[in-house]
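Please open the model in your viewer and keep the sequence panel beside it. The stops below say what to select next and what is there.

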Amino acid sequence: MKNFIFGFLATVVLIPIVPLTYLRLGAAEVRGDVRAPSWESRLMEFALHASVTRGAQRIQNPLPHSDEQLIAGGKMYLDGCAGCHGRPGRPARKRIAYAPPPEFAHVGTQYSEPELFWVVKHGIRRTGMSAYGAFYSDQQVWQLVEFVQQMNNLPPAVFDAIQPKRP
Amino acid sequence: MKKFLAGSLCAIIFLAIALAAYLGLGLMDVAADQRPSAREADFMTASLEASVRRRAPQIQNPLANSDDTLIAGGKLYLNDCVGCHGEPGQPPSDFGATFYPPAPQFPSAGTQFSEAQIFWVAKNGIRMTGMYPQGASYSDTQLWSLAAFISRARNLPPAVVKAMQPPPSK
């Protein structure tokens with residue numbers, strides 16, 4: 001029994017040392033233009049979604065769904081988000097940056113409105129997604145979120161209304 | 001010995017289950033506006049720097065060490081980098097601070113990296129940060145001029161500062 005416990009403890013101590021040493025010696029890939037192995041990105045996406053779901057548990061959208069909200073959200077989106085996340089009605093860009101920002105107009109999103117709200121407000125650690133809670137009011141974030149959710153299915157009136165005006 | 005190995009095997013299974021539970025239950029904190037512990041942040045910063053030192057080329061900047069190089073780099077910097085990394089002579093970027101890890105503020109904090117390392121980071125980006133690879137947008141010559149500028153961003157010759165004024169409107 002003593003040997004069993006000793007084997008257990010030795011392994012619990014030794015196993016974390018391996019990845020920590022790997023990192024600290026600079027053995028880890030750091031280039032953003034090299035794709036991560038798919039097991040790694042899938043595992044991280046799984047953990048990320050679980051964490052966001054947990055964070056957004058008690059959040060509810062207080063705003064009604066209307067074309068006005070979508071238009072307000074769409075204008076903010078084109079102004080602040082489209083640079084990385086793509087514009088509706090435009091072809092998807094080839095991205096190899098890791099982690100790549102999702103092109104919502106092409107892949108949509110699996111996140112619910114409260115989850116998107118949480119992500120926009122708090123950002124995502126160790127990605128290019130910064131925390132926008134410092135710059136947008138809650139109401140603006142909800143408008144954005146409604147737009148992102150419906151981006152692939154916009155009422156034509158909304159799509160026309162958010163196009164930049166050519167003088 | 002058999003019992004030792006059995007204990008070791010149990011530990012491996014235990015750690016795997018613990019990791020799966022930690023990730024699957026969403027216990028890994030992902031909010032960029034919550035800072036991880038200083039110990040974690042320091043460790044990850046040191047690991048990142050070790051990786052860059054190990055991988056970046058150890059070469060001299062092939063461009064002439066001149067004010068013209070710095071001015072060319074400075075113009076690129078003002079165009080594309082200031083939004084996150086801060087503008088010379090201005091307070092640090094609020095936007096850069098909303099990422100985690102936060103964007104380093106070169107004009108105020110400088111950088112530990114050599115010009116070749118800055119070039120390499122700008123070209124390839126840094127995985128799992130907001131630093132996207134710029135190699136597709138800029139030529140190597142442009143990136144070297146940028147590296148020269150960033151490496152001296154805290155200590156620019158007055159002639160260079162003057163030549164960069166007024167900065168293009170953002």
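**Stop one: a helix pair in chain A**

Select helix α6 (residues 113–122) of chain A together with helix α7 (residues 138–150) of chain A, which pack at an angle of about 125° with their axes 9 Å apart. Helices here are DSSP runs of H or I with at least four residues, strands are E runs of at least two, and both are numbered from the N terminus; the axes are lines fitted to C-alpha atoms, for helices over the stretch in contact, and angles run from 0 to 180 degrees between N-to-C directions. This is a predicted model, in which local features need pLDDT of at least 70 and side-chain atom pairs count only at pLDDT 80 or more, while totals for chains, interfaces and linings use all residues. Residues are numbered from 1 along each chain as its sequence is written, and chains are lettered from A and ligands numbered from 1 in the order in which they are written.

α6(A) and α7(A) are therefore oblique to each other, given that angles under 35 degrees count as roughly parallel, over 145 as roughly antiparallel, 65 to 115 as roughly perpendicular and the rest as oblique. Their crossing is right-handed, the near helix being turned clockwise from the far one by less than a right angle (anticlockwise would be left-handed). Show A:E113, A:L116, A:F117, A:V120 and A:K121 on α6(A), which meet A:V141, A:W142, A:L144, A:V145, A:E146, A:V148 and A:Q149 on α7(A); residues are in contact if their C-beta atoms, placed from the backbone, lie within 7 Å.

**Stop two: α6 and α7 in chain B**

Move to helix α6 (residues 115–124) of chain B and helix α7 (residues 140–151) of chain B, which pack at an angle of about 125°, with axes 8 Å apart. α6(B) passes α7(B) in a right-handed crossing. On the α6(B) side the contact has B:E115, B:I118, B:F119, B:A122 and B:K123, and on the α7(B) side B:L143, B:W144, B:L146, B:A147, B:A148, B:I150 and B:S151.

Keep α6(B) selected: nine of its 10 residues are buried, so this helix is largely enclosed by the rest of the structure. A residue is buried if 20 or more other C-beta atoms lie within 10 Å of its own, exposed if 12 or fewer, and partly exposed in between, with C-beta atoms placed from the backbone. Among the buried residues are B:Q117, B:W120 and B:V121, and the cover over the buried residues includes α2 and α7 of chain B. Just after α6(B), B:G125 takes a positive phi of about 75°.

**Stop three: between the chains**

Now select helix α1 (residues 2–24) in chain A and helix α1 (residues 2–24) in chain B, which pack at an angle of about 45° with their axes 6 Å apart. α1(A) and α1(B) are therefore oblique to each other, and their crossing is right-handed. The residues in contact include A:F4, A:F8 and A:I15 of α1(A) and B:F4, B:C10 and B:L15 of α1(B).

Widen the selection to the whole contact, which takes 44 residues from chain B and 44 residues from chain A. On the side of chain B that touches chain A, α1(B) gives the most, with 12 residues.

**Last stop: confidence**

Colour chain B by pLDDT, the predictor's confidence in each residue from 0 to 100: the mean for chain B is 93, and 97% of its residues reach 70 or more. For the complex, the predictor gives an ipTM of 0.88 and a pTM of 0.90.

Conventions:
Contact = placed C-beta atoms within 7 Å.
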